[in-house]
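Here's a quick briefing to help you find your way around a protein model. Have a look at the sequence and the 3D view before you read on.

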Amino acid sequence: HICTHHTHHTRTSTHHTCTHTTTYMHTHMRTHSHTHTRVTSIADRLNAGFALIHKERKKANEVDSMVLVGDVSGKVAILVDDIADTCGTMVFAARKLKEAGANRVYAIMTHGIFSGPAVDRVNTSDIESVAVTNTVPQTENMKVCSKIQIIDVSIILAEAIRRTHNCESVSYLFSQTL
């Protein structure tokens, strides 16, 4: 089972307001059918089911409530999100998954910020390992947390920069995966 939680960011400038939802799985299926289609497509390609975790925040880095939708009993769960910052939400989600009967919980996050108590939270959590890209250096964190794994994205980022510079398709890079 692939599980994630909903993160909603809003950025406002003098020119426009941009609302961006970063997630692979989403509870608001009616308004985000494209996201649901993408999630279903990924799950189908991996021959895996999926569940989702809907969270509501009181304020930044503070979850008010979290609801698991789907059956994870007896399954291996993979949490997917964009940023591992304080890791409170990720650890809370992992606990929810284990309470719901998941055998093991893994996490994959694009950017590993690991601020404040994050590394201690990961070390004492139900999470088997956390995979993050090397967009943020992890040498020091890996010394004190064996659960942190690195995915090197330097080659794909370099190729995206090269393609942009040469006015070539960047989306081609991502159409060739999964």
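The notes below go from the overall picture to the core, and then to one helix and a set of strands.

Keep in mind that this is a predicted model. The protein is built with six helices and nine strands. Of its 178 residues, 34% count as buried.

**The big picture**
- The accessible surface adds up to about 10,500 Å², and 54% of that belongs to carbon and sulfur atoms.
- If you take contacts between residues at least 6 apart in sequence, 52% of them join residues at least 24 apart.

**The nonpolar core**
- In soluble globular proteins, nonpolar side chains tend to be buried together.
- Here, the largest nonpolar core has 26 residues, and the members touching the most others are Leu79, Met90, Phe114 and Val130.
- At least two core residues come from each of β6 (76–84), α2 (88–99), β7 (104–112), α3 (118–123) and β8 (127–133).
- The top contributor is α2, which gives five residues to this core.
- What does Met90 touch, leaving aside residues up to four places away in sequence? The list is Leu79, Ala107, Met109, Val122, Ile127 and Val130.

**A closer look at α2**
- The buried residues of this helix are Thr89, Met90, Val91, Ala93, Ala94 and Leu97.
- An α-helix has 3.6 residues a turn, so residues three or four places apart point the same way.
- You can check the length of α2 yourself: at 1.5 Å a residue, its twelve residues should span 16 Å, and the end C-alpha atoms are indeed 16 Å apart.
- Just after α2 comes Gly101, which takes a positive phi of about 105 degrees.

**β8 and its two partners**
- Is β8 largely enclosed or open? Six of its seven residues are buried, so β8 is largely enclosed by the rest of the structure.
- On one hand, β8 pairs with β7 in the parallel sense over four bridges. Within that pairing, Met109 has Val132 of β8 as its bridge partner.
- To get from β7 to β8, the chain passes through α3, and this β-α-β crossover is right-handed.
- On the other hand, β8 runs parallel to β9 (residues 148–151), joined by four bridges. Here Val132 stands opposite Ile150 in β9.
- The route from β8 to β9 goes through helix α4 (residues 139–144), and this β-α-β crossover is right-handed.

Key. Residues are numbered from 1 along each chain as its sequence is written. This is a predicted model: local features need pLDDT of at least 70, side-chain atom pairs count only at pLDDT 80 or more; totals for chains, interfaces and linings use all residues. Side-chain values use heavy atoms; hydrogens and water are left out. A nonpolar core is a set of buried Ala, Val, Leu, Ile, Met, Phe, Trp, Tyr and Cys residues joined through side-chain atoms within 4.5 Å. Buried means under 20% relative accessible area, exposed over 50%, partly exposed in between (1.4 Å probe, protein chains only). Contact means heavy atoms within 4.5 Å. The expected span of a helix is 1.5 Å times one less than its number of residues. Two strands pair if DSSP finds at least two bridges between them. A crossover is right-handed if, with the strands pointing away from the viewer, the path from the first strand over the helix to the second runs clockwise. Accessible areas come from the Shrake-Rupley method with a 1.4 Å probe; for residues, only the protein chains shown count as cover.
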